[in-house]
Amino acid sequence: MKKTVPYIVNLKSQRVVSVMTAYDYPSAKAVSEAEIDIILVGDSLAQVVLGHDDTLSVTVDEMLHHVKAVTNAKPTPLVVADMPYMSYHISIEETIKNAGRFIQEGKADAVKVEGGLKRKEVVSALIDAEIPVMGHLGLTPQSKNLMGGYKIQGKTLALAKKLFEDALLLQELGCFSIVLEGVPSIVAQSISENLKIPTIGIGAGKHTDGQVLVINDLIGMKSKEYIDAKFVKRYDEQYISTVRALKNFKTDIENHVFPTDEHSYDMGSDIQDSLKEWKKEIKKILS
Ligand code: KIV
């Protein structure tokens with residue numbers, strides 16, 4: 001059964017909402033088969049798939065390419081497309097056009113934007129255009145330069161209150177859920193307990209209504225120099241097993257262990273004699 005926005009909102013008081021990023025067809029298939037509730041085609045694509053240092057460089061076209069790959073998998077989770085940096089910062093008209101492409105061309109079910117009060121008009125306009133919006137507060141990676149790096153947010157009472165006000169505003173504007181990233185657990189708990197819509201935590205402790213991780217972090221599909229954030233739990237080591245498989249392939253072909261007859265195609269016994277003749281002909285031509 002395809003999961004919808006009302007279905008997700010309804011989960012609030014029932015059970016934990018599971019959210020996972022995915023950026024392509026096979027990962028979307030896997031996330032769907034695992035019965036996760038929401039697929040986020042995150043702008044973390046920039047780092048974990050495209051190799052950029054931060055999320056600021058990824059464009060609408062690049063995001064759209066991956067949103068299409070995800071929705072081609074016809075996943076049952078709700079698909080949320082992350083609005084990349086500069087796609088909702090210039091004008092309302094451009095915002096709607098960009099978000100509209102994610103829905104119309106990418107077949108996403110909703111979009112996500114970062115920020116609270118300063119995104120008031122943007123969020124309202126998107127919802128007026130019938131586009132469901134997931135909010136994102138706290139450590140918002142697109143504000144990295146303003147924040148002076150990836151710093152935990154809401155650490156003073158005044159800042160925690162501001163986060164809560166932003167969360168209430170996003171709810172009033174009609175957001176169907178809010179990602180809370182990089183905030184103290186107690187702050188995330190207070191916000192979650194006082195909202196009607198589900199909060200989705202990442203580095204926000206155990207009291208949010210849902211949890212999200214970046215799939216490459218979860219499955220360990222990243223090279224050795226990549227250091228995990230404190231909030232990451234690795235459930236697998238797929239980078240290591242991929243390198244191992246590639247090394248085994250290289251050794252096998254060098255030792256002629258692969259391919260074997262099992263992996264090769266025959267032409268049928270009836271034409272073996274004709275083949276022998278053909279080989280003789282080739283020899284004659286070349287001599
Ligand atoms: O881009 C992303 O993956 C995200 C999640 C970490 C919430 O925004």
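Here are a few notes on helix α4, the nonpolar cores and a surface patch.

1. Before you dig in: this is a predicted model, where local features need pLDDT of at least 70 and side-chain atom pairs count only at pLDDT 80 or more, while totals for chains, interfaces and linings use all residues. Residues are numbered from 1 along each chain as its sequence is written, and side-chain values use heavy atoms, with hydrogens and water left out.

2. Start with helix α4, residues 60-71 (helices are DSSP runs of H or I, at least four residues, and strands are runs of E, at least two, numbered from the N terminus). Its 12 residues should span 16 Å at 1.5 Å a residue (1.5 Å times one less than the number of residues). The end C-alpha atoms are 16 Å apart, so the two agree.

3. Which residues of α4 are buried (under 20% relative accessible area, 1.4 Å probe, protein chains only)? They are Val60, Met63, Leu64, His66, Val67, Val70 and Thr71. Their cover includes α2 (25-33), β2 (38-41), α3 (45-48), β3 (78-82) and α5 (92-104).

4. Now the largest nonpolar core (buried Ala, Val, Leu, Ile, Met, Phe, Trp, Tyr and Cys residues joined through side-chain atoms within 4.5 Å). Of its 54 residues, Ile39, Phe102, Val111, Leu126, Ile178 and Leu180 touch the most other members. Helix α8 (residues 157-173) gives the most to this core, with 6 residues. Another core, of 16 residues, lies apart from it and has Val19, Leu78, Met134 and Ile200 among its members.

5. Finally, look at isoleucine 285 in helix α12 (residues 272-286). Its relative accessibility is 68%, so this residue counts as exposed (over 50%).

Note on methods. Contact = heavy atoms within 4.5 Å.
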